[in-house]
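Visitor: I've got a model open and some words I'd like to see justified. Could you walk me through the reasoning behind them?

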Amino acid sequence: MTTELAADRTLARRSLAWLAGPVPVSIIVALAIGAVAIAIAGINPFDAYPSMVEGALTGRGPANTLQRATPIIGMAMALAIAFRAGVFNLGAEGQMVLGGLAGTLVALTMPGPGPVVIVVACLAAMAAGALWAMLAAVLQTSMGVPILISSLLLNYPARYFSSYLVRFPLKEKGSSMVATPMIPDGTRIPALIPADSAWGTALRHSLGKENALLLITRNVNYSLLVVLAVVALVIFVNRKTPGGFESGLAGQNLRFAQYGGVHTTALVIRTMIFSGAISGLVGVMLVLGSDFRLIDGALVGTNYAWTGLLVALLAAHRPVGVLVSGAFFAALIVGGEAMQRSNGVSSQLSQVIQAAVIILIVVRLTLPRWRRRGRDLPAIADRGAVDDEVGKV
Amino acid sequence: MNWSNLIDGELFASVVRALIPVLLAALGGLICERAGVFNIALEGLMLIGCFAAVAGSYATGSGYLGVLIAVAASVAVSAVLAYGSVTRRADPIVLGVALNIFGVGVTGFLLVAFFHVRGVFQNPKIIGLGTVRIPLLADIPWVGPALFNLTLIGYLALILVIVTQLVMFRYPLGLRLRGVGERPTAASTLGVNPNRYRYGAVLISGVLCGLAGAQLALGNVVQFSENMSAGRGWIAVVAVMLGRAHPIGTFGACVLFGFAEAFGFRLQGNGLPAQITDAAPYVVTLIALIIARKYFKRGIVSAVIE
């Protein structure tokens, strides 16, 4: 009885401490910064924020949020596994673009039954993303170019190469849009329950036209399940396999991992291959599931790679955290677009708020009262220098 | 394709134009690197400088006031980086990446808020920075138009290469700064406050990135377009690595980049698809980095985790 009470009390204290911790405080301060930005734009934030919440949570909001959350969570998962291993992959955008390109090529040219083509397209996309990521990894491991730089610079050739192909050899003749021809109906990733299927009409009759669940089943496609499977797989690998353990170890302390016998070169390459494969998969699922064609600049324009990066950082690369933060950031985006429609505030406000959240978390903003003095700042001149000294010993 | 027309005096002029913004940002990154702060927020700082320069020039009707406003805005954002990475000891890579994304978002947002346009903002009320032609010297063939017909920021950038080199290696200030970067404990034992020098270095990189942005948006062109820094801040980071944090070497790396951009632009005029030549500066930079790493095994760049 008493122990239960004590447990309750520690739980309450813990959740209070969490609420006063960096994540909630940063989110609130970031929203306040957003409010200032809205006011600078000459609009009352107390009009704009309610329409943001309404847009994200009511009517078509939940369906749109889930639809956006799917690629964001996918990209965040790709980056989270890299960051967890201490591999700073900034090339997810290029890996996603090449994945989308490879998948489109397969979907447009391969004959055969739709589902088979979809699977082959996904495999091709994963291979393309993985190869591009592996190139960045090899540049680090055998050429000494930091992966941060190599992966980032490789975004640009990927972007321009895909743009070139879409503009010239692959462009649909006679179309005003700079895009490839449409992907045939059979090779598109279907909605969870398509509107014109028997199930879809039955659901519409029983739930009503405006029901949120109905809208979700119609507008969200199977990519969501694939992404959830990826999250589950990552959880399993992280917790239960030696590889997952090694990558977590290397991310926390590379030198210790090496000392413990982890082959870090292989680890970096392996991590980048997985990271790139997931990015490529997200790219092809966007083409086969939403756009149904490769449009010039569309994959870069979604900004999903960079949103995913912020999500992975917010979640501190934990898979379940990625799910929650990914849904939150997707809701911010959908809400931001609703706010743009009803109040005329640019939807880029969402990006400002998202980046501000991460900046504030990184500088470890907390409520001053809860901060234990003397513990969070080391009393030495430079921690890096001390690490260096220790490393030499 | 007419190859004989590819290289002439005008090409050199466009090389110099292309390299100046990168050079300014790279000098900022170099000073931070020497002080022991890995600054990869150059891209975002430069982009914010671009926007503030255009907005300032539009509002005040003076290009030079635009430059001042660009510097002020960029310094304000670099103060966040300084506080985070020096006082709070935050991961400079994560902070830098987040600041870069913040830069893209906030400039796009303010573009709509202030000027009600998306994408590109062009207006006759934006006053650009004119070039200042130095008589006689500018008449020297090839070199003259390239080096003696620049904006004031352009001249400043070239002079700063030499000033940085001198201060860094010939003056006590530079010695202390390098000491702070290499052995902070030793520096603080000698009464040099490492944090103060690091703050100074990051804020100076803010000034330089503000100038870089102003040169890009009021000097090279007279307009703002979303994400117009287009990776130049990252190229500046690479230029510091290639130049091994030496001002002259970094300048050399910037020349390489400027040449790739200008030559790519020229090839485009000769019928090569824009998408191929647009990728050239990034590919050339990457290849240069690979070659440099091969021949100089241990780079100075210490802060990069390898």
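Here is a short exchange about chain A, one of its helices, and the contact with chain B.

Guide: One thing up front: this is a predicted model.

Visitor: What makes chain A as compact as a globular protein of that length?

Guide: Chain A has 18 helices and zero strands. Its radius of gyration is 23 Å, and the globule rule gives 21 Å for 393 residues; those values are close, so the chain counts as that compact. Also, 77% of the contacts in chain A with a separation of 6 or more join residues 24 or more positions apart.

Visitor: How do you know that the span of α4 in chain A agrees with its number of residues?

Guide: Residues 61-84 make 24 residues, and at 1.5 Å a residue they should span 34 Å; the end C-alpha atoms sit 32 Å apart, so the two agree. There is a kink of about 30 degrees at A:Ala69, shortly before A:Pro71.

Visitor: Why is α4(A) called mostly covered?

Guide: A residue is buried if 20 or more other C-beta atoms lie within 10 Å of its own. In α4(A), 22 of the 24 residues are buried, so "mostly covered" holds. For chain A as a whole, 48% of the 393 residues count as buried.

Visitor: Which helix gives the most to the side of chain B that touches chain A?

Guide: The contact takes 46 residues from chain B and 41 from chain A. On the chain B side, α4(B) gives the most, with 15 residues. That side divides into 30 nonpolar, eight polar and eight charged residues.

Methods:
Residues are numbered from 1 along each chain as its sequence is written. Chains are lettered from A and ligands numbered from 1 in the order in which they are written. This is a predicted model: local features need pLDDT of at least 70, side-chain atom pairs count only at pLDDT 80 or more; totals for chains, interfaces and linings use all residues. Helices (H or I, at least four residues) and strands (E, at least two) are DSSP runs, numbered from the N terminus. The expected span of a helix is 1.5 Å times one less than its number of residues. The bend at a residue is the angle between axes fitted to the seven residues ending there and the seven starting there. A residue is buried if 20 or more other C-beta atoms lie within 10 Å of its own, exposed if 12 or fewer, and partly exposed in between; C-beta atoms are placed from the backbone. The radius of gyration is taken over C-alpha atoms; the globule rule is 2.2 Å times the number of residues to the power 0.38. Two residues are in contact if their C-beta atoms, placed from the backbone, lie within 7 Å. Ala, Val, Leu, Ile, Met, Phe, Trp, Tyr, Cys and Pro count as nonpolar, Asp, Glu, Lys and Arg as charged, and the others, Gly among them, as polar.
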